[in-house]
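The following note is offered to a colleague who wishes to examine the internal spaces and the packing of this structure. The points are numbered for ease of reference.

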Amino acid sequence: MAHEVLCLRPQADFLRAGVPAPDSLNVSYRMPDDPQLAAHVKAARALVIPAVGGKIPGALFAGSEVKLVQVTGAGVDRLDEPAMKGLGIPVANVPGGSNGAVAEYAVTTALVLLRRFAWADAEIRNANYVSFRGRMVADNLPGLEGLTVGVVGLGTVGMAVAEAFHRFGSLIVYHDPGTPDAAAAARIGARALPLDDLLKEADVVTLHVPLLPQTRGLINARRIAMMKPGAVLINAARGGVVHEAALAAHLNSGHLAGAAVDVYSVEPPDVDNPLLALNDEGARRVLFTPHIAGVTRQASATLFRAAWANVERVLVRGEQPLNRVY
């Protein structure tokens with residue numbers, strides 16, 4: 001007997017990664033803006049959703065027979081937590097599936113910004129080879145070896161990022177108010193610091209925290225001002241963690257060497273987002289990507305396999321879900 005599953009991402013995503021739905025599941029693929037979405041949810045016993053996208057109201061699940069909402073990634077902020085808890089519907093994610101991809105993103109963007117690779121490319125295209133090369137040499141640009149990297153959020157993703165920078169010879173400091181893996185941190189010589197101290201000390205600050213009430217606006221104007229002149233900020237967490245107008249101001253002033261921005265307070269970013277209105281040099285100091293830090297062919301395959309397996313676990317075998325978030 002096939003079990004009914006509603007999936008809010010295209011079937012092509014799974015086929016492209018080589019991870020089709022298992023035969024034990026009868027999967028209906030719909031888009032979140034489907035006008036019949038409420039009826040589809042009522043007919044489903046499990047819902048599979050991507051981590052990125054618009055909010056999914058809890059009222060959609062009222063009176064449904066849904067036994068599991070499975071996210072094909074780590075973030076669960078699309079869902080209405082109080083409503084889901086009130087309805088008693090388990091929500092599970094796939095933690096750690098994108099670790100390697102995010103670590104690659106963080107190291108790559110840090111190097112691109114610190115060594116001004118993208119900026120140099122633009123200057124050469126504008127026939128400024130000689131003058132910009134001279135500026136790069138005179139500014140004595142750093143690589144990663146010996147730099148201090150501050151990791152904000154030392155969960156599974158943050159630890160993978162810390163280990164990647166450590167392999168390049170960076171010194172690791174971290175801030176995590178939770179209970180990080182102290183033994184893993186010790187193996188790479190990582191030191192715990194209060195957030196403000198980390199910001200003052202780090203040459204590269206990379207963010208890996210969920211968007212929660214206590215992390216919204218965590219990196220605000222006061223804290224960005226604390227960062228070392230010439231430091232780099234990498235946000236591959238959630239857009240609301242960083243105050244975008246404050247970041248824009250510090251890029252325009254040249255206080256920061258650069259910022260890698262993969263996530264935005266509104267996605268896609270509004271045309272009036274201050275990061276899209278930087279001055280000439282400020283614009284050269286930022287690297288934009290469209291929320292793809294954790295998206296690679298390998299990461300997608302890992303995430304999809306784990307998601308389908310968890311749905312089978314609940315619907316086919318009648319077991320409790322793994323990685324239940326709430």
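1. The model discussed here is predicted. In the largest cavity, the lining comprises 7 nonpolar and 3 charged residues, with no polar residues. The volume of this largest cavity is about 70 Å³. Its lining consists of V112, L113, R116, A118, W119, A257, R284, R285, V286 and L287.

2. Which elements each supply at least two residues of the lining of the largest cavity? They are α4 (99-114), α5 and β12 (286-288).

3. In total, the structure contains 2 cavities of 30 Å³ or more. The second largest cavity has a volume of about 40 Å³, and the residues that line this cavity are N235, G239, V242, E244, L247, V261, V263 and L275. By class, 5 of these lining residues are nonpolar, 2 are polar and 1 is charged.

4. Among the pockets, the second largest encloses about 360 Å³ of space. It is lined by 17 residues, of which G53, D77, Y264, S265 and E267 are the closest to its centre. The lining of this second largest pocket is made up of 5 nonpolar, 6 polar and 6 charged residues.

5. Helix α5, which contributes to the lining of the largest cavity, also packs against another helix, α6. Helix α5 spans residues 117-125 and helix α6 spans residues 129-138; their axes lie 8 Å apart, at an angle of about 155°. Angles over 145 degrees count as roughly antiparallel, and the two helices α5 and α6 are therefore roughly antiparallel to each other.

6. Which residues make the contact between α5 and α6? From α5 they are W119, A120, E123 and I124, and from α6 they are Y129, F132, R135 and M136. This contact of α5 with α6 has 6 nonpolar and 2 charged residues, and no polar ones. W119 of α5, a participant in the helix contact, is also one of the residues that line the largest cavity.

7. An open sheet is formed by 5 strands with parallel pairing, in the order β2-β1-β3-β4-β5. Strands β2 (25-29) and β5 (91-92) are at the edges and have a single partner strand each, so one side of each is left without a neighbour in the sheet.

8. Within this sheet, β3 and β4 are adjacent in the strand order. Strand β3 (residues 46-49) runs parallel to strand β4 (residues 68-71), and 4 bridges join the two. As one example of the pairing, V48 has Q70 in β4 as its bridge partner.

Notes:
Residues are numbered from 1 along each chain as its sequence is written. This is a predicted model: local features need pLDDT of at least 70, side-chain atom pairs count only at pLDDT 80 or more; totals for chains, interfaces and linings use all residues. Side-chain values use heavy atoms; hydrogens and water are left out. Axes are lines fitted to C-alpha atoms, for helices over the stretch in contact, and angles run from 0 to 180 degrees between N-to-C directions. Angles under 35 degrees count as roughly parallel, over 145 as roughly antiparallel, 65 to 115 as roughly perpendicular and the rest as oblique. Contact means heavy atoms within 4.5 Å. Ala, Val, Leu, Ile, Met, Phe, Trp, Tyr, Cys and Pro count as nonpolar, Asp, Glu, Lys and Arg as charged, and the others, Gly among them, as polar. On a 1 Å grid over the protein atoms alone, a cavity is a set of points where a 1.4 Å probe fits but cannot get out, and a pocket is an open set with protein on both sides within 12 Å along at least five of seven lines; lining residues have an atom within 4 Å of a point. Grid points are joined across faces, edges and corners, and a volume is the space filled by probe spheres set on the points. Two strands pair if DSSP finds at least two bridges between them.
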